[in-house]
Amino acid sequence: MNPADFTTCAYCPRLCRHVCPVAVATGMESATAAAMMTVPLLADRGVLAPADALAGTSLCLGCGACTLHCKVQVPVAERLSAWRAPRLAPPRPEPLQEIGPEPTVCVLTSAEDWSVRWAESEGVAVTSLRTGDSLGHAAWRLGDLTVIGAVAAHLNGRTVITGSGAVEEVAKAAGLPVRRLPAPVAGTIFSSCHGGPRPGPGQLACCGRREGFPEREPAAARMVAEENVRLLGGALASCADEECARWLRAHGGRLVGPTDPPGSPHV
Ligand code: SF4
Ligand code: SF4
């Protein structure tokens with residue numbers, strides 16, 4: 001570990017606290033970038049036990065809002081992830097399903113199969129691939145560097161069609177061409193952090209479901225979702241990310257995403 005990677009934040013008076021979705025939604029000072037970046041330094045000096053240190057760096061969901069706000073752009077999420085990776089194995093990526101020979105693949109992240117509808121509207125033949133972990137996005141971001149090579153080999157140059165920002169990030173890192181489905185035109189806009197975090201008065205920087213956060217920190221993830229729903233104030237909102245839209249709907253939001261069928265009940 002290079003202590004210099006952490007000291008800027010450790011001595012910072014929490015200048016990015018107000019943009020961190022976890023710190024804002026939970027009200028926990030231990031969720032601030034400054035607090036979490038202090039943990040590796042304390043662990044290195046033997047002040048914190050290894051298990052406490054892992055717990056103390058667990059409340060970052062990787063949105064990048066602190067880095068965007070920071071005057072010296074410390075890559076907090078990446079540094080915390082790099083520190084945790086050798087101490088706590090990243091989640092295992094799901095095996096990739098078999099796909100057909102077509103050069104275009106619709107990547108499905110839920111039970112909803114929009115690939116037939118999309119293929120008919122575009123007049124092209126497609127194959128589809130269902131993934132429960134956004135092509136291993138969390139595993140990749142949390143340190144499994146084999147994910148990108150496996151996706152590149154499996155999809156082998158196919159064009160990826162997706163309504164998920166996480167899938168898009170993995171596919172682009174794998175060197176694949178990607179087409180994102182457009183966000184539906186409805187109400188206000190909820191911006192996904194996958195397109196760059198945009199903390200603002202109408203939402204937090206992230207919906208709370210990113211990078212396996214609900215599985216790792218369920219209470220905090222729920223609080224981030226509920227705070228976003230409260231900020232939306234019951235308004236119908238369109239989100240370009242299907243996974244964010246579903247997550248916020250599950251917490252009471254009126255969100256519509258790019259893969260929801262026309263006439264969805266939540267619209
Ligand atoms: S990311 Fe920047 S603003 Fe946030 S704690 Fe670190 S040094 Fe301070
Ligand atoms: S990357 Fe996001 S969740 Fe992590 S500390 Fe920064 S603002 Fe908070």
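**Reading a sheet, a helix pair, domains and two ligand shells**

Biologist: In which sense do strand β1 and strand β3 pair, and over how many bridges?

Modeller: The pairing is parallel. Strand β1 covers residues 104-108, strand β3 covers residues 159-162, and 3 bridges link them. Keep in mind that this is a predicted model.

Biologist: Which residue of β3 is the bridge partner of Cys-106? And which one partners Val-105?

Modeller: Cys-106 has Ile-161 as its partner in β3. For Val-105, the partner in β3 is Val-160.

Biologist: What stands opposite Val-160 in β4?

Modeller: Val-178 does. β3 and β4 run parallel, joined by 3 bridges. Val-160 thus appears twice: it is the bridge partner of Val-105, and it stands opposite Val-178 in β4.

Biologist: In what order do the 4 strands form the sheet?

Modeller: Read across the open sheet as β2-β1-β3-β4, with parallel pairing.

Biologist: Why is one side of β2 and of β4 left without a neighbour in the sheet?

Modeller: β2 (127-130) and β4 (178-180) stand at the edges and have a single partner strand each, so one side of each lacks a neighbour in the sheet. There is also a turn between neighbouring strands of this sheet: 25° on average, with direction ignored.

Biologist: Now the helices. What describes two packed helices?

Modeller: Two values: the angle between the axes and the distance between them. Take helix α9 (residues 147-155) and helix α10 (residues 165-173). Their axes come within 8 Å and cross at roughly 80°. An angle of 65 to 115 degrees counts as roughly perpendicular, so α9 is roughly perpendicular to α10.

Biologist: Which residues of α9 meet α10?

Modeller: From α9, Val-147, Ile-148 and Val-151. They meet Val-170, Ala-171 and Ala-173 in α10. By class, this contact of α9 with α10 has 6 nonpolar residues, no polar and no charged ones.

Biologist: Let's step back to the whole chain. Which domains does the domain assignment give?

Modeller: Domain 1 (4-84), domain 2 (104-180) and domain 3 (188-256). The C-alpha centres of domain 1 and domain 3 lie 21 Å apart. Their contact takes 14 residues from domain 1 and 16 from domain 3.

Biologist: Which helix gives the most to the side of domain 1 that touches domain 3?

Modeller: α2 does, with 5 residues. α2 (21-26) and α5 (65-69) each supply at least two residues of that side. By class, the side of domain 1 that touches domain 3 has 10 nonpolar, 4 polar and no charged residues.

Biologist: On to the ligands. Which residues surround ligand 1?

Modeller: Cysteines first: Cys-9, Cys-12, Cys-16, Cys-66 and Cys-70. Then come Thr-8, Leu-15, Ala-33, Ala-34, Val-74 and Val-76. The elements giving two or more residues to this shell are α1 (4-10) and α3 (33-44). By class, the shell around ligand 1 has 10 nonpolar, 1 polar and no charged residues.

Biologist: How many residues surround ligand 2, and which are the closest?

Modeller: 14 residues surround ligand 2. The closest are Cys-20, Cys-60, Cys-63, Ala-65 and Cys-66. Compare the lists: Cys-66 is named around ligand 1 and again around ligand 2.

Biologist: Which helices each supply at least two residues of the shell around ligand 2?

Modeller: α2, α5 and α6 (76-84). By class, the shell around ligand 2 divides into 12 nonpolar, 2 polar and no charged residues. Recall α2 and α5: each also supplies at least two residues of the side of domain 1 that touches domain 3.

Technical notes. Residues numbered from 1 in each chain as written. Chains lettered and ligands numbered in written order. Predicted model: local features only at pLDDT ≥ 70, side-chain atom pairs only at ≥ 80, totals over all residues. Near = placed C-beta within 6 Å. Nonpolar A, V, L, I, M, F, W, Y, C, P; charged D, E, K, R; others polar. Domains from an automatic or database assignment. Contact = placed C-beta atoms within 7 Å. Pairing = 2+ DSSP bridges. Axes fitted to C-alpha atoms, helices over the stretch in contact; angles between N-to-C directions. Parallel < 35°, antiparallel > 145°, perpendicular 65-115°, else oblique.
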